[in-house]
Amino acid sequence: QVKVVESGGGLVQPGGSLRLTCAASGFTFSRSSMTWYRQVPGKEREVVAAITTAGGSSYIDDPRFKISRDNVKNMVYLEINNLKPEDTAVYYCNKGYGSRTGAEYTYWGQGTQVTVSS
């Protein structure tokens, strides 16, 4: 079955950068789009970025975010530059090209916490 494991989060000062990693298994990764989400406690989960099988990206409204994938390692990455306190959230990835809220998903990984603070 689908399994995703997110990692790479941490405590970062404003202006810093992070690269989050999502390790996927249980499906043919190269044939699936992937989507990153984030969620702040008490708020609805929101999409951050999606990447197609061909490597095209979607949903990215902020140039600070960059999504990429490695079909050999079955991993998808989210690079966040010039981090801001409002980027503080738990970041999740999931299989497929998800909706803006990800409400259709019944499975989520544990996520990785990103905290931006001085």
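Here are some informal notes on the predicted model above, point by point.

1. Ground rules. Numbering starts from 1 along each chain as its sequence is written, and side-chain values rest on heavy atoms, with hydrogens and water left out. Because this is a predicted model, local features need pLDDT of at least 70 and side-chain atom pairs count only at pLDDT 80 or more, while totals for chains, interfaces and linings use all residues.

2. Overall make-up. You'll find zero helices and ten strands in the chain; both kinds of element are DSSP runs numbered from the N terminus, with helices being H or I of at least four residues and strands E of at least two. From the N terminus on, the elements read β-β-β-β-β-β-β-β-β-β. The radius of gyration is 13 Å, close to the 13 Å that the globule rule gives for 118 residues, so the chain is as compact as a globular protein of that length. (That radius is taken over C-alpha atoms, and the rule is 2.2 Å times the number of residues to the power 0.38.) The C-alpha trace spans about 40 × 25 × 20 Å along its principal axes.

3. Burial. Of the 118 residues, 43% count as buried. The cut-offs are under 20% relative accessible area for buried and over 50% for exposed, with partly exposed in between, using a 1.4 Å probe and protein chains only.

4. The four-stranded sheet. An open sheet is built from four strands in the order β1-β3-β8-β7, with antiparallel pairing. Its edge strands are β1 (3-7) and β7 (65-70), each pairing on one side only. The twist averages 20° from one strand to the next, with axes as lines fitted to C-alpha atoms (for helices over the stretch in contact) and angles running from 0 to 180 degrees between N-to-C directions. Two strands pair here if DSSP finds at least two bridges between them. In general, strands of a sheet pair through backbone hydrogen bonds, either parallel or antiparallel.

5. The β7 edge. Six bridges join β7 to β8 (residues 75-80), and the two run antiparallel. If you want a register check, Asp-70 stands opposite Met-75 in β8. Also in β7's residue range, 65-70, is a residue with a ring partner: Arg-69 lies over the face of Phe-29, 4.5 Å from the ring centre. A charge sits over a ring if NZ of Lys or CZ of Arg is within 6 Å of the ring centre and within 35 degrees of the ring normal. Lys-95 does likewise with Phe-27, its charged end sitting over the ring at 5.4 Å from the centre.

6. Aromatics around Tyr-37. The count comes to six aromatic pairs. Rings of Phe, Tyr and Trp (its six-membered ring) pair if their centres lie within 6.5 Å; planes under 30 degrees apart are stacked, over 60 edge-to-face, and the rest tilted. Tyr-37 and Tyr-105 have ring centres 6.0 Å apart and planes at 80°, so they are edge-to-face. Tyr-37 is in β4 and Tyr-105 in the loop between β9 (89-95) and β10 (112-116), so the pair ties together parts 68 residues apart in sequence. Tyr-37 also pairs edge-to-face with Trp-108, at 5.2 Å centre to centre and 85° between the planes. That pair spans 71 residues, with Trp-108 in the loop between β9 and β10. Both Tyr-37 and Tyr-105 are buried, and Trp-108 is buried too. Together with Tyr-92, these three residues form one aromatic cluster.

7. Salt bridges. There are four of them, each a side-chain nitrogen of Lys or Arg within 4 Å of a carboxyl oxygen of Asp or Glu. Arg-38 bonds with Glu-46, closest N and O atoms 2.7 Å apart, and with Asp-87 at 3.0 Å. Asp-87 lies in the loop between β8 and β9 and Arg-38 in β4, so this second pair ties together parts 49 residues apart in sequence. Both Asp-87 and Arg-38 are buried, whereas Glu-46 is partly exposed at 35% relative accessible area.

8. The wider network. Asp-62 forms a salt bridge with Arg-64, again with closest N and O atoms 3.0 Å apart. Asp-62 is partly exposed at 23%, while Arg-64 is buried at 10%. Shared partners join Arg-38, Glu-46, Asp-62, Arg-64 and Asp-87 into one network.

9. An outlying loop residue. Where is Lys-43? In the loop between β4 (34-39) and β5 (46-51). Lys-43 is exposed, at 57% relative accessible area. Its C-alpha is separated by 22 Å from that of Gly-8, 35 residues away along the chain.
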